[in-house]
Amino acid sequence: MKSSRIVVSTSLSTSYLESLAMNIPSLVKSNYHLEPMRDQAKKYLQLLIDAKILHFSSISAAKHINDVWGNIDQWWASKLVQDNINEFCNKYAKNICNKETEGISLIVWFSLKDPTLKKLNQRIT
């Protein structure tokens, strides 16, 4: 994943959380009707839409990839994209690195509906 120019995920699953937490250029193509979103999550997913990371149509996703392909890093490093990723990750994907085990990342992904995972996140943060 780290050597990818851009990571494309086709659903709102763990892979896009991992790539965002590692700050790897990422794009998600999701089907809103197959992956309904909780009301609490919509505010944070809108951040990804605004940054052109989250798309609900293949045409939109492909167009964006074509638009940024010549300079993916310029899009990815922009203030809007980085600010939105940081805010989203602070809520849904925390990248925790231990200095003694540099290079090892732990992705903490939790669901507000799962009290066990929510407690785990509260202990870590």
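This briefing walks through the fold, the core, one tryptophan and the salt bridges of the structure above. Keep in mind that the model is predicted. The protein chain has 125 residues, and 35% of them count as buried. Six helices and five strands make up its regular elements, and a search of the whole structure finds three salt bridges.

**How the chain is laid out**

- Reading from the N terminus, you will meet the elements in the order β-α-β-α-β-α-α-α-β-β-α.
- Now look at contacts between residues at least 6 apart in sequence: 53% of these join residues at least 24 apart.
- The accessible surface of the protein chain comes to about 7,700 Å². Carbon and sulfur atoms account for 53% of that surface.

**The nonpolar core**

- The largest nonpolar core contains 29 residues. The residues with the most contacts inside this core are Tyr16, Leu20, Leu45, Leu48, Ile53, Trp75 and Phe88.
- Several elements each supply at least two residues of this core: helix 1 (14-21), strand 2 (26-29), helix 2 (39-50), helix 3 (58-68), helix 4 (72-77) and helix 5 (79-92).
- Trp75 is a good residue to click on if you want to explore the core, as it is one of those with the most contacts there. Setting aside neighbours within four places in sequence, Trp75 is in contact with Ile6, Ser26, Ala51, Lys52, Ile53, His64, Val68 and Val81.

**A look at Trp76**

- Trp76 is found in helix 4.
- Is Trp76 buried or exposed? Its relative accessibility is 5%, so Trp76 counts as buried, the cut-off for that label being under 20%.
- What does Trp76 touch, leaving aside its neighbours within four places in sequence? Its contacts are Leu20, Asn23, Ile24, Pro25, Ser26, Ile53, Val81, Gln82 and Ile85.
- Ser26 deserves a second glance among these partners of Trp76. Along the chain, Trp76 and Ser26 are 50 residues apart, and their C-alpha atoms are separated by 8.5 Å.

**The three salt bridges**

- *Lys42 and Asp39.* The side chains of Lys42 and Asp39 meet in a salt bridge, with 3.4 Å from N to O. Because these two residues are three apart in helix 2, about one helical turn separates Lys42 from Asp39. Lys42 is partly exposed, with a relative accessible area of 33%, while Asp39 counts as exposed at 62% relative accessibility.
- *Asp67 and Lys63.* In this salt bridge the side chains of Asp67 and Lys63 meet at 3.0 Å, N to O. Both residues lie in helix 3, where Asp67 and Lys63 are four residues apart, about one turn of the helix. Asp67 and Lys63 are both exposed.
- *Lys79 and Asp83.* Here the closest N and O atoms of the salt bridge are 2.7 Å apart. Lys79 and Asp83 both sit in helix 5, four residues apart, which is about one turn of the helix. With a relative accessibility of 63%, Lys79 counts as exposed, whereas Asp83, at 37%, counts as partly exposed.

Notes. Residues are numbered from 1 along each chain as its sequence is written. This is a predicted model: local features need pLDDT of at least 70, side-chain atom pairs count only at pLDDT 80 or more; totals for chains, interfaces and linings use all residues. Side-chain values use heavy atoms; hydrogens and water are left out. A nonpolar core is a set of buried Ala, Val, Leu, Ile, Met, Phe, Trp, Tyr and Cys residues joined through side-chain atoms within 4.5 Å. Buried means under 20% relative accessible area, exposed over 50%, partly exposed in between (1.4 Å probe, protein chains only). Contact means heavy atoms within 4.5 Å. Accessible areas come from the Shrake-Rupley method with a 1.4 Å probe; for residues, only the protein chains shown count as cover. A salt bridge is a side-chain nitrogen of Lys or Arg within 4 Å of a carboxyl oxygen of Asp or Glu.
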